[in-house]
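Me: I would like a close look at a single part, with each step explained for someone in a first year of study. Please take it slowly, and say what every term is meant to cover.

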Amino acid sequence: MSFIDTLGSIVKGAGRFFTSNSIGASLAKSALLGFALSRVAKSIKKQQEEQKDTGAQIQVNPSTDNSVPVIYGDAYTNGTITDAYMSGDNKTMWVCLTLSEMTGTKIDGTDSAISFKEVYYNGLRLRFQEDGVTVGTAFDDEGNSTDKFSGLIKIYPYSGSSTDPVSFATEIAGNTANAYDVFPTWTSSNAMNDLVFAVVRITYNKTNKVTSVNNFRFKISNTMTQPGDVLFDYMNNSRYGAGIPEAEIYKS
Amino acid sequence: MINLDSYTSVRTSLFVRLQIDEYRITPSAGYSATVLRFSDHFITKTIDSEDYVPLGELLNITKSASELKSSANTISITISGIPTNNIAEILHSKIKGCPVKIYRAYFDTSTNAQIGTTQVKFIGSIDNFSFEEEIDAIDKSATNTINFECVNTSDLLSRKISGRKTNPESMKKYFASDTSFDRVPNLEGANYNFGVAG
């Protein structure tokens, strides 16, 4: 007799026990029924708890000790939050993500330019709707797409100041609004001079996991890429560099 | 490099160019930019179309190291014999941080003619200055010695802490009317109950 046969005979024995009309079998049936009811009640309670949305407590990360980064060439950056505002119903937030200093001129005298290449949220690359600022589709690394962020996030990029709206390189249309017309509490004195930044408007949605303002990542590109240009800019710039007068730098 | 092989006797003179952007003679006077040019030469000498006042023995400049690699270096410029009533010019002007350039020129002692071209010896800024008073009790008069401590650009860079920080003071240091970072101190550690029914 194999162990399989042994197990089979035990199961058959248990079946006979529950189908009999003995006192022991009746007690066992009552216990099983009580257990089943308890599981059903717990399951309903759990579902109710899941449906009750308690929101998300967000701690924004500004610090007076953060330095504004300087970016040359291509780089990915999360930026640092320098302003935040939440609507009265707690459902919409605006944040300003400061990404980089605006760099100076190259050795040949031409101005450097910083453009926005891509943006990611929760690790997914975002593409925009026709207006160029409202998120449409999101893609993962394997090219799979989802519309779960569609309409919930708006991103307004700027390169230079609040009055220098720019577009993402991937989009045909783009941002044309001044930053102080987008961010609810800003005025024209919020000039964001010589800064590269993005104003982000995000609408809370727990189902689609749009619950945080801290998960953005930008790919930005500076036309200043040559080592000589970078060294010259860093030596010459008085805001983030050494501030050496141009006349004292041998550029030839 | 100047070749001095054919000369039996040469002398060198140093020429100091001190550019003061905020210079004034009295405490109430307005600031104006001025350039002080002086040398330890015995006659007025013109370099780049600018005349250098000869101070002769009244000017002393310490030695400076000359190295192939860029290294931090300091130099002291001492001017003595300054009358007391001229001290105000230094006290009330903004001297610290002013750019200093020191040239060296070689002269043939027999003809006093310059040998070769003028060379740059030191480029830097004034780091600090001090006074020393010399009182003549018999004449009941006093003269002063002023000492400028200069640092070269390399030393200056090693001390430099630059970069804009995300706080209102730092922003306004560069853009006085820009209020973009004004709310950062209030937002530090702030919590938002995002999504909670209001």
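The reply below follows the sheet of chain B, and then sets it beside chain A.

Reply: This is a predicted model, in which local features need pLDDT of at least 70 and side-chain atom pairs count only at pLDDT 80 or more, while totals for chains, interfaces and linings use all residues. Residues are numbered from 1 along each chain as its sequence is written, and chains are lettered from A and ligands numbered from 1 in the order in which they are written.

The sheet of chain B is open and has 9 strands (a strand being a DSSP run of E with at least two residues, and a helix a run of H or I with at least four, both numbered from the N terminus). Reading across this sheet, the strands of chain B come in the order 3-4-2-1-7-8-9-6-5, and their pairing is mixed; two strands pair if DSSP finds at least two bridges between them. At the edges stand strand 3 (45–47) and strand 5 (59–61) of chain B, and because each has a single partner strand, one side of each is left without a neighbour in the sheet.

At one of these edges, strand 5 of chain B is joined by 3 bridges to strand 6 (residues 74–83) of chain B, and the two run antiparallel. Within that region, Asn60(B) stands opposite Thr78(B), a residue of strand 6 of chain B.

Chain A, which has 4 helices and 11 strands, offers a sheet to set beside this one. There, 4 strands form an open sheet in the order 3-4-10-9, with antiparallel pairing. Its edge strands are strand 3 (80–86) and strand 9 (153–160) of chain A, and each of them pairs on one side only. Inside that order, strand 4 (residues 92–101) of chain A is joined by 9 bridges to strand 10 (residues 195–203) of chain A, and these two strands run antiparallel. Ser100(A) stands opposite Val196(A), which belongs to strand 10 of chain A.

The two chains also touch, and their contact takes 31 residues from chain B and 41 residues from chain A, where two residues are in contact if their C-beta atoms, placed from the backbone, lie within 7 Å. On the side of chain B that touches chain A, the elements that give two or more residues are helix 2 (153–159), helix 4 (184–187) and strand 10 (191–194) of chain B. Strand 10 of chain B gives the most to that side, with 4 residues.
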